[in-house]
Amino acid sequence: NRVLANPNFRMELDEITRFSSAISHYLARQVKNSQYDFNDLLNLTLHLFETDDYVRTKWQNRMQYIMVDEFQDSSLKEQMLLHYLSQYHKNLFVVGDPDQSIYSFKGGDINVFLDYPKSFPNVKDLYLNENYRSTKNIVDLSNELIEKNLNRLYKKSIAIRDLGKPVTHFHSKTDKQEMEFLVTEIKKIIGEGIYSWKNIAILLR
């Protein structure tokens, strides 16, 4: 009901209904050629575990230890899969940072992480708060911004490195404006005579 309440999803449902024969043909070709995408693998595996006790028990026994990285971007389907696989040995270790959840557009649900103790009882939390990568100025500013998030676990990163230089933030409205700012800043650094061109790098993410 929550999905159908969204007009975008209702439109998609109408499209699926219109092209149901084409979709059925596509799915049949997938099965025939054993060509599946990631969502297919999740759905088919969950269906298998739900309907075949022998297969489910076999894999539950086999998976003695399970570790999941980037758990903050897990979906509800992935949570169900972990639930099935970890039921026998109950050795599930997950690693993640709820403040770095960025894949909700691909099905990731931060509540899977936040509700982990409810879904998997007898949890022991280990907080890795020390930050060895960034300077204290960067870490402090990050903490200040992240604290504005409402749906999160309270935690605070601790900088191990020195204070470092002040953080510069520039929000450009165009690509040209961004390029001009970068060129100006690089020329300013080179003009100080401390660094040369080979010391300059632009990192994009």
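# A chat about the model

Visitor: Let's start with Arg-56: in which helix is its place?

Guide: A helix is a DSSP run of H or I with at least four residues, a strand is a run of E with at least two, and both are numbered from the N terminus. Arg-56 has its place in the run that covers residues 53-62, helix H4.

Visitor: Before we go on, what kind of model is this?

Guide: Residues are numbered from 1 along each chain as its sequence is written, and side-chain values use heavy atoms, with hydrogens and water left out. Local features need pLDDT of at least 70 and side-chain atom pairs count only at pLDDT 80 or more, while totals for chains, interfaces and linings use all residues, as this model is predicted.

Visitor: Back to Arg-56, then: is it buried or exposed?

Guide: We call a residue buried under 20% relative accessible area, exposed over 50%, and partly exposed in between (1.4 Å probe, protein chains only). Arg-56 has a relative accessible area of 18%, so the word for it is buried.

Visitor: Which residues is Arg-56 in contact with, leaving aside neighbours within four places in sequence?

Guide: Contact means heavy atoms within 4.5 Å. With those sequence neighbours left aside, Arg-56 is in contact with Phe-49, Glu-50 and Tyr-84.

Visitor: How many aromatic pairs are there, and what kind do Phe-49 and Tyr-84 form?

Guide: Rings of Phe, Tyr and Trp (its six-membered ring) pair if their centres lie within 6.5 Å; planes under 30 degrees apart count as stacked, over 60 as edge-to-face and the rest as tilted. The structure holds six such pairs. For Phe-49 and Tyr-84, the centres are 5.9 Å apart and the planes make 70 degrees, which is edge-to-face.

Visitor: How many residues apart are Phe-49 and Tyr-84 in that pair?

Guide: Phe-49 belongs to helix H3 and Tyr-84 to helix H5, so the pair links distant parts of the chain. Phe-49 itself counts as buried because its relative accessibility is 4%. Along the chain, the gap between Phe-49 and Tyr-84 is 35 residues.

Visitor: What about Phe-71 and Phe-113: what kind of pair do they form?

Guide: The centres of Phe-71 and Phe-113 are 5.9 Å apart, with 45 degrees between the planes, so by the cut-offs the pair falls between the other two kinds. Phe-71 is in the loop between S1 and H5, while Phe-113 is in helix H6, 42 residues apart. Both Phe-71 and Phe-113 are buried, and their pair is called tilted.

Visitor: Which residues do ring pairs link into a cluster?

Guide: Phe-71 and Phe-113, the tilted pair, don't stand alone here. The ring pairs join up into a cluster of Phe-71, Phe-113, Tyr-116 and Phe-120.

Visitor: How many residues are in the largest nonpolar core?

Guide: A nonpolar core is a set of buried Ala, Val, Leu, Ile, Met, Phe, Trp, Tyr and Cys residues joined through side-chain atoms within 4.5 Å. Those with the most contacts inside the largest one include Phe-49, Phe-71 and Leu-92. Helix H3 (38-51), strand S1 (66-68), helix H5 (76-85) and helix H6 (110-114) each give it two or more residues. The count for the core is 18.

Visitor: How many salt bridges are there, and how far apart are N and O in the one between Arg-152 and Asp-99?

Guide: A salt bridge is a side-chain nitrogen of Lys or Arg within 4 Å of a carboxyl oxygen of Asp or Glu, and the whole structure has nine. Arg-152 and Asp-99 are both buried, and they belong to a network with Asp-97 and Lys-155. From N to O, the Arg-152 and Asp-99 bridge spans 2.8 Å.

Visitor: Which helix holds both Lys-136 and Asp-140?

Guide: These two side chains also meet in a salt bridge, at 2.7 Å from N to O. Lys-136 counts as partly exposed because its relative accessibility is 36%. The two residues are four apart, about one turn, and both lie in helix H8.

Visitor: What area do the residues of the nonpolar surface patch have together?

Guide: Patches are made of residues with over 30% relative accessible area and no salt bridge, joining like charges within 9 Å and nonpolar side chains (Val, Leu, Ile, Met, Phe, Trp, Tyr) within 5 Å. Accessible areas come from the Shrake-Rupley method with a 1.4 Å probe; for residues, only the protein chains shown count as cover. Helix H2 (residues 20-33) gives the most to this patch, three residues. Together, Ile-16, Phe-19, Ile-23, Tyr-26 and Leu-27 have an accessible area of about 460 Å².
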